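Me: I would like to learn how to read a few features of a protein model, beginning with what it takes to call a residue buried. Could you take me through them one at a time?

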Amino acid sequence: MCTCTGTKKGLPEAVLQRMKAPWAKDQIFTPNHNIRPTSLIPAVRLTEDGPVAGNYLWGFLPQRAPSRDFVREWSTFNARDDNLTKSRLYSQPFRESRSLVVVSAWFEWPGERGKKKTLPPCTITPADQGFFVMAGVWGSWKDPETGTYHDTTTMITTEPNEAIADLPHHRMPALLPPSAWEAWLNPDTPVGVLQDMLHPTPDEWLEIAVGGPKDFQVE
């Protein structure tokens, strides 16, 4: 499970250069060293004009969700790769509305599953000094209290690679290489092909250091 993430200054420019996804004109990117569920997180989706990046509420909210609290009550800030096609919550967006969640780092609190975490947090950053692109799904949600529409997204997790398992930790985000970005966003990509993209990534993609969000520099 990915617990929180961070973004650095210059991410929109890097995303435009590498992903050919301009930032939505009506939105402002703000670097954040500690993005938590229900906060804004960068993501890319396919539009009629091509891929576009923007701010999404982190945590998938179905149209029927009564409030943002749904994210924490149902833990919709992550979606398991082995449950996507069977889930009443995720099966339709997995088929029809996928996203690419873009961050500069993610943080984990190591420890055995179900036990109290006593080890210090770790920061995971890209070994190539770029950014992580996580497989995700997105949906539009109308806040029943304000009538405001929000784009929401969640990242998909998969089995850990050896580096993450050795922390120890039992899940990791499903990271996608550049060769998979276009197919992931393409609404015509078969479900079987999509599922084959969701697997642990090589250890050498990651740099792992002791330290959590407070140690992560956004500049």
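Reply: Buried means under 20% relative accessible area, and please keep in mind throughout that this is a predicted model. V133, which is found in strand β9, is buried because its relative accessible area is 3%.

Me: Which residues is V133 in contact with, once its neighbours within four places in sequence are left aside?

Reply: Contact is a matter of heavy atoms within 4.5 Å, and on that basis V133 touches M19, L100, V101, A174, L175, L176 and W181. As for L16, it is 117 residues away from V133 in sequence, while the C-alpha to C-alpha separation in space is 13 Å.

Me: How many residues are in the largest nonpolar core, and which of them touch the most other members?

Reply: A nonpolar core joins buried residues of certain kinds through side-chain atoms within 4.5 Å. Here the largest one has 56 residues, and those touching the most other members are V15, M19, V44, L100, W106, I156 and W184. Strand β9, residues 132-142, supplies the largest share of this core, with 7 residues. There is also a second, separate core of 5 residues, among them C4, A105, F107 and F216.

Me: Taking V44, which residues is it in contact with beyond its neighbours within four places in sequence?

Reply: The contacts of V44 include V15, M19 and A21, then P51, V52 and A53, and also R98, S99, L100, V102 and L185.

Me: R98 catches my eye in that list; where is its place, and which side chain of opposite charge is nearest?

Reply: A salt bridge needs a side-chain nitrogen of Lys or Arg within 4 Å of a carboxyl oxygen of Asp or Glu. R98, placed in strand β6 (residues 98-103), is buried yet has no salt bridge, the nearest side chain of opposite charge being D188 at 7.8 Å. Polar atoms of the R98 side chain do, however, lie 2.7 Å from the backbone oxygen of F94 and 2.4 Å from the backbone oxygen of N186.

Me: Finally, how many disulfides does a search of the whole structure find?

Reply: The test is a pair of cysteine sulfur atoms within 2.5 Å, and searching the whole structure gives 0 disulfides. C122 is in none, since the nearest cysteine sulfur, belonging to C4, is 12 Å away.

Me: Are C4 and C122 buried or exposed?

Reply: The cut-off we began with applies again: C4 counts as buried because its relative accessibility is 2%, and C122, at 8%, therefore counts as buried too.

Terms used: Residues numbered from 1 in each chain as written. Predicted model: local features only at pLDDT ≥ 70, side-chain atom pairs only at ≥ 80, totals over all residues. Heavy atoms only, no water. Buried < 20%, exposed > 50% of the residue type's maximum accessible area, 1.4 Å probe, protein only. Helix = DSSP H or I, 4+ residues; strand = E, 2+ residues; numbered from the N terminus. Lys, Arg positive; Asp, Glu negative; His and termini not counted. Polar contact = N/O pair within 3.5 Å; in protein donor to acceptor, adjacent residues only side chain to side chain.
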